[in-house]
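I'm opening a fresh notebook page for this one. The plan is to go through contacts, pockets and a few odd spots, and jot down what turns up.

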Amino acid sequence: MLFRSRAALASFPEQFPQSNAGAQGTLVFSDGVRTEIRYNARFRNRGASSRTAIPPNYRVTLPADRPLRGVTDFNLNSQEVMRQIAGWALAARAGLATEFHQPVQVRVNGLNRQQAGAPSFGSYAYQEAPDSDFAANHFPLDSEGNVYRASSSGHSTTLDYIGDSKSSYEAQGYSKTSNQSEDDWSDFINLTKQLSSTATSNYVERISKVADIDQWVRYFAVFAMSGSSETSLGTGVGDDFAMYRGVLDPRFQLIGHDWDSIAETAASQSVFQAGALPVIDRFLKNPEVSRRDRKSTRLNSSHTVISYAVFCLK
């Protein structure tokens with residue numbers, strides 16, 4: 001990153017950690033084989049509880065006509081780097097659609113601001129953003145669908161149905177990160193309505209039309225088995241998750257997100273921890289869904305997802 005002046009760098013972004021104001025600069029990317037340059041890049045602070053971290057996290061936005069390896073937005077996270085990489089590897093191996101992570105070295109005007117020792121060892125975690133580029137990269141045969149993001153300091157993004165106005169959901173902390181110009185939230189609103197009001201007698205039949213049930217139970221199983229303490233849908237908190245609904249396959253999938261708090265609680269904790277949220281409790285405790293959940297947990301633990309060999313890359 002090359003900022004226009006070292007004076008700007010001196011006050012960015014620690015001086016105003018809660019601001020989303022960005023600084024213009026140049027991104028120089030090198031993978032040891034080739035070097036690429038992107039001018040007019042934008043850098044800003046990012047994060048929730050980590051916004052005051054030193055060194056800071058960065059959100060990088062590139063011009064729409066000059067993507068880098070298929071993306072125009074990505075995060076450079078400074079905290080718990082090794083956990084983030086391990087969590088991504090676990091989730092991806094479990095078959096979840098999850099934001100790509102990779103350890104990277106970051107220099108700001110030639111300076112590595114990251115600490116050399118644990119827990120980051122001089123590196124940042126590159127994190128793909130959940131947006132239209134994510135849809136294209138992870139759902140290449142059905143990439144025109146909608147990506148939604150949930151982030152709420154008050155933990156109010158609980159998937160409860162709160163009416164038919166998209167502004168009500170935006171006020172709770174939901175956002176749409178693809179197809180924003182269309183501004184059509186009807187699919188997401190219908191999902192919350194079905195989760196909240198579908199009768200028990202035909203629950204699985206109706207929910208299976210709006211949600212990929214097997215994919216959802218795998219999402220909750222991975223969060224349980226990773227020992228995550230993240231404030232997330234996967235741990236029973238209305239915060240910090242993302243979803244994708246395709247066009248060809250209109251069932252919502254839960255996107256694996258935010259792995260910096262794995263291995264902080266007892267291994268193989270109950271999948272039902274996510275049942276702290278009423279609509280998720282009802283989902284997980286449906287007899288048919290619960291059967292699938294137990295099967296998914298067994299597969300994830302006893303086959304190839306969680307094992308010494310996997311984490312040692314053998």
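**Entry: a bridge inside a helix**

I started with helix α4, residues 166-172, where lysine 166 and glutamate 170 sit four residues apart, so about one helical turn separates them. This is a predicted model, so I read everything below as a computed value. The two side chains form a salt bridge, with 3.3 Å between the closest N and O atoms. Buried or exposed, I wondered about lysine 166? It comes out in between: lysine 166 has a relative accessible area of 25%, which counts as partly exposed. Glutamate 170 is also listed as partly exposed, at 36%.

**Entry: a bridge between distant parts**

Next I looked up arginine 245, which pairs with aspartate 187 in a salt bridge whose closest N and O atoms are 3.8 Å apart. Which parts does this pair tie together? Arginine 245 belongs to strand β10 and aspartate 187 to helix α5 (residues 186-197), so the bridge joins parts 58 residues apart in sequence. I checked the cover on each end. Arginine 245 is partly exposed at 24% relative accessible area, while aspartate 187 is buried at 10%. The cut-off for buried is under 20%, so aspartate 187 falls inside it.

**Entry: the other salt bridges**

How many salt bridges does the structure hold? I have 13 on my list. One of them joins the side chains of sequence neighbours aspartate 65 and arginine 66, at 3.4 Å from N to O. Aspartate 65 is exposed, with 61% relative accessibility, and arginine 66 is partly exposed at 32%. I also noted a network of salt bridges that links Arg34, Glu36 and Arg38.

**Entry: the largest pocket**

Then I turned to the pockets. The largest one holds about 920 Å³ of space. Its lining counts 37 residues, and those closest to the centre are Arg46, Gly47, Ala48, Arg149 and Asp240. What is the lining made of, by class? I get 21 polar, twelve charged and four nonpolar residues. Three strands, β4 (58-61), β5 (73-77) and β8 (146-150), each supply at least two residues to this lining.

I went back to aspartate 240, since it turned up in that central group. The residue lies in the loop between α7 (213-225) and β10 (241-245). Its phi is positive, about 60°, although aspartate 240 is not a glycine. At 9% relative accessibility, aspartate 240 is buried.

**Entry: another positive phi**

Aspartate 258 also has a positive phi without being a glycine, this time about 65°. I found aspartate 258 in the loop between β11 (252-255) and α8 (278-285). With 16% relative accessibility, aspartate 258 is buried as well, because the limit is under 20%.

**Entry: the second largest pocket**

The second largest pocket has about 650 Å³ of space. I count 23 lining residues, with Phe29, Ser30, Val104, Gln105 and Tyr126 nearest the centre. By class, this lining has 14 nonpolar, five polar and four charged residues. Which strand gives the most to it? That is β2, with four residues. Strands β5, β6 (101-104) and β7 (124-128) are also on my list, each with at least two lining residues.

**Entry: a patch on the outside**

Strand β2 covers residues 22-30 and contains valine 28, so I looked that residue up too. Valine 28 is partly exposed, with a relative accessible area of 40%. Together with Ile37 and Tyr39, Val28 makes a nonpolar surface patch of about 280 Å².

**Entry: a contact across the chain**

Last look-up: alanine 129, in the loop between β7 and α3 (132-138). Its C-alpha atom is 5.1 Å from that of phenylalanine 74, although the two residues are 55 apart along the chain. Buried or exposed, I asked of alanine 129? The residue is buried, at 1% relative accessibility.

Technical notes:
Residues are numbered from 1 along each chain as its sequence is written. This is a predicted model: local features need pLDDT of at least 70, side-chain atom pairs count only at pLDDT 80 or more; totals for chains, interfaces and linings use all residues. Side-chain values use heavy atoms; hydrogens and water are left out. Patches are made of residues with over 30% relative accessible area and no salt bridge: like charges are joined within 9 Å, nonpolar side chains (Val, Leu, Ile, Met, Phe, Trp, Tyr) within 5 Å. Accessible areas come from the Shrake-Rupley method with a 1.4 Å probe; for residues, only the protein chains shown count as cover. A salt bridge is a side-chain nitrogen of Lys or Arg within 4 Å of a carboxyl oxygen of Asp or Glu. Buried means under 20% relative accessible area, exposed over 50%, partly exposed in between (1.4 Å probe, protein chains only). On a 1 Å grid over the protein atoms alone, a cavity is a set of points where a 1.4 Å probe fits but cannot get out, and a pocket is an open set with protein on both sides within 12 Å along at least five of seven lines; lining residues have an atom within 4 Å of a point. Grid points are joined across faces, edges and corners, and a volume is the space filled by probe spheres set on the points. Ala, Val, Leu, Ile, Met, Phe, Trp, Tyr, Cys and Pro count as nonpolar, Asp, Glu, Lys and Arg as charged, and the others, Gly among them, as polar.
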